[in-house]
Amino acid sequence: MSFVRVPTRLSFLSLLVVLSASTLRVNSQSCRNAPGDAGFPTDDAWRALNASISGRLTTVVPSGQFCKDRGGCTDAEWSSATFRAGIPGAMDYLNWEQDYDVNPPEVCVNNIITCGQGNIPLYAVLATTAEDVQAGIAFAEAYNLRVAIKASGHDASGRSTARDSLLISTHLFQNISFHDDFQVGNNSMGSAVTVGSGVFLNNLYRAAKDQGKILVGGGAATVVAAGGYIQGGGHSPLSPLLGLAADNVLQFTIVTADSKVVTADETQNSDLFWALRGGGAGSWGVILSATFRTYPTFNGTHAITLINTSGSNATSTMADIMRLHAEHIFDMDDLHIGQYFFVFPNVTSGFELTLTLNTYFPNVTEAVATAAIQPFLDDAVATGGRITSQSIEEMNINDILAGEDDVVAANLVMGSRLFPEDVYRNSPDAIGEMYTKLFEGGAFIILGTMVSGGQVAANAHIDSAVTPKWRTSKTHMMVVNAWADDAEPSEVQAQTELFQKMQLPIFEEVIGTDGGAYSNEADPTEPNFQTTFYGPNYDRLSEIKRKYDPSDRFIVEGGVGSERWDTDGFCMVA
């Protein structure tokens, strides 16, 4: 069933009257309602919801079916995060659209002949107003439906989609407003920007440049600042200088499970404000907007360097280079740099490993940046590395951060841990050995981000739900495992389990068994997610969850309260 725009608009309050008269609301049910269940909405009920939101309810199909229906998608479109963000059923990481567990598996990729619905919602509310969101949530509550929330779909843990669910899309919330002196209660918070929960970071950086401002945001072009990014804590190339995004958010406007529009900041609903800053994406409601502290913009230098190792000693040489990287990792602390360092294999011309260093120097000239990074590069070359590409350029920091798009549509999962500063000071050899073991154990890509220390550590006094492991870390380390579109379910399962079975023990040889992880870039199947993602904050988060979402309407794997539900968030298990 598809819907078209209708001329009649039922008000949100009128819809609530219809829903309150329904006898279908049974919050004590152990499972959400699915098609075929007696409590699932009738076609007339869906039409009433559609009318109440001016025809902005739509059926949802996987991205492969979307492309098939429009006569095809080009490779550039298929892999574009910007393109996929506007398709309700499209996720940036393709595997989260699939359902590998049913028999036969429901898989839908580009240019496939037959598509199944897979792991995507049935319907989506393409919200443009707060009332649209309220109506969608009220409808889901009345009919006991699974709810998913999508801002852009840039979620490596699959939390923006769910099978047989109602999707609330915030993609069309594109408002940006700057403030010279933002007020929270009677307190002046200085310059700030309020941004809707559909605005990409690249557009936000450009708008901020026009105002002579910069804010703390991520390095990916199509991440939404006011979506899952901030709820996970939000790291940034600027974090060593300015802290995490969660350290810099001042206020949220959010629709909670009771369909109320709520303002959360230090002076009102302060417990929810605490939870929204690091307490996990998708667990608290639908964010309409968030307000972030801004700073005067500045120039910076961006350096990109590629270092290759090849031949029979490629792995051992790269391990030596990463040991050297660990030894040099404190060299530029006084410059407050952020750095992304990725190691990946290249088998097109014999086996090679490539280290990509993507380094951001805030308020640093090109000459100073070049001199600062050179000692490590010299040591890497002396050890056997070969610099195959190098660029360095000084420009406005907004321009450095505002990428055009993100290349996506791979099938991948990841696992991660926050690596403490002490490990780098005391055990750089163990870091190098770790790389050898990970690649020998089948790792596809090893990602490192140096986005902590500095102001992230200095902000330990801020009372938020950010795991304390961030405050003592030096890097956020990830392992990526991937597979082809035509992989068998057994291979998908093996890759999905690889981190917990083989790679996490290698991490733990270096950092111990009590490590924490950044929930936005992690393994959602973490068995002890309560501690790994949230640390000592979990009990308090659980209390806040019960207060604002007593029926667990907003459940995601690895999110607060998800221990009470199956991995699909569909049936209660406790």
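## The Cys67–Cys73 disulfide

The link of Cys67 and Cys73 is left-handed, with -95° about the S-S bond. In this predicted model, the sulfur atoms of Cys67 and Cys73 are 1.9 Å apart. How accessible are the two partners, Cys67 and Cys73? Cys67 has a relative accessible area of 1% and is buried. Cys73 is buried as well, at 10% relative accessibility. Since buried means under 20% relative accessible area, Cys73 qualifies with its 10%.

## The other two disulfides

How many disulfides does the structure hold? There are three, and a disulfide is a covalent bond between the sulfur atoms of two cysteines. One of them joins Cys108 to Cys115, with 1.9 Å from S to S. The torsion about the S-S bond of Cys108 and Cys115 is about 70°, so this disulfide is right-handed. Cys108 is buried, and its relative accessible area is 1%.

Cys31 and Cys571 form another disulfide, with 2.0 Å between their sulfur atoms. Why does this pair tie together parts that are 540 residues apart in sequence? Cys31 lies in the loop between α1 (12-20) and α2 (43-52), while Cys571 is in the segment after α19 (538-548), so the bond spans that separation. The link of Cys31 and Cys571 is right-handed, with 115° about the S-S bond. Cys31 is partly exposed at 25% relative accessibility, and Cys571 is also partly exposed, with a relative accessible area of 22%. If you number the bonded cysteines of the protein chain in sequence order, the pairing reads 1-6, 2-3, 4-5.

## A four-stranded mixed sheet

Let's turn to the sheets. Four strands, in the order β1-β2-β4-β3, make an open sheet with mixed pairing. Its edge strands are β1 (57-59) and β3 (147-150), each of which pairs on one side only. On average, neighbouring strands of this sheet are turned by 25° against each other, direction ignored.

At the β1 edge, β1 pairs with strand β2 (residues 123-126) in the antiparallel sense over three bridges. Within that pairing, Thr58 stands opposite Ala124 in β2. Which helix lies across β2, β3 and β4 (166-169)? That is helix α6 (residues 130-142), which runs at about 165° to β4.

## A seven-stranded antiparallel sheet

Another open sheet has seven strands in the order β17-β14-β16-β15-β19-β20-β18, with antiparallel pairing. The edges of this sheet are β17 (386-396) and β18 (411-420), each pairing on one side only. From one strand to the next, the twist averages 15°.

Inside the sheet, strand β19 (residues 445-450) and strand β20 (residues 473-483) run antiparallel and are joined by five bridges. Leu447 stands opposite Met478 in β20. Helix α11 (residues 314-328) lies across β14 (299-310), β15 (338-346) and β16 (352-362), running at about 20° to β16.

## Nonpolar cores

In soluble globular proteins, nonpolar side chains tend to be buried together. Here, the largest nonpolar core has 59 residues, and Phe252, Trp284 and Phe292 have the most contacts inside it. Helix α10 (residues 270-276) gives the most to this core, contributing five residues. A second, separate core has 44 residues, among them Ile337, Leu438, Met477 and Ile506.

What does Phe292 contact, once its neighbours within four places in sequence are left aside? Its partners include Ser191, Ala192, Val193, Val195 and Leu215. Also in contact with Phe292 are Ala225, Ala226, Ile230, Ala245, Asn248, Val249 and Leu250.

## Around Thr294

Where is Thr294 found? Thr294 is in the loop between β12 (286-293) and β13 (295-296). With 5% relative accessibility, Thr294 counts as buried. The side chain of Thr294 makes a polar contact with the side chain of Ser191 at 2.8 Å. The Thr294 side chain also reaches the backbone nitrogen of Ala192, at 3.3 Å.

Not counting residues up to four places away in sequence, Thr294 touches Ser191, Ala192, Val193, Lys213, Ile214 and Leu215. Ser191, Ala192, Val193 and Leu215 appear in the contacts of Phe292 and in those of Thr294 too.

Terms used: Residues are numbered from 1 along each chain as its sequence is written. This is a predicted model: local features need pLDDT of at least 70, side-chain atom pairs count only at pLDDT 80 or more; totals for chains, interfaces and linings use all residues. Side-chain values use heavy atoms; hydrogens and water are left out. A disulfide is a pair of cysteine sulfur atoms within 2.5 Å. Helices (H or I, at least four residues) and strands (E, at least two) are DSSP runs, numbered from the N terminus. Buried means under 20% relative accessible area, exposed over 50%, partly exposed in between (1.4 Å probe, protein chains only). Two strands pair if DSSP finds at least two bridges between them. Axes are lines fitted to C-alpha atoms, for helices over the stretch in contact, and angles run from 0 to 180 degrees between N-to-C directions. Contact means heavy atoms within 4.5 Å. A nonpolar core is a set of buried Ala, Val, Leu, Ile, Met, Phe, Trp, Tyr and Cys residues joined through side-chain atoms within 4.5 Å. A polar contact is a pair of N or O atoms within 3.5 Å; within protein, one must be able to donate a hydrogen and the other to accept it, and residues adjacent in sequence count only if both atoms are side-chain atoms.
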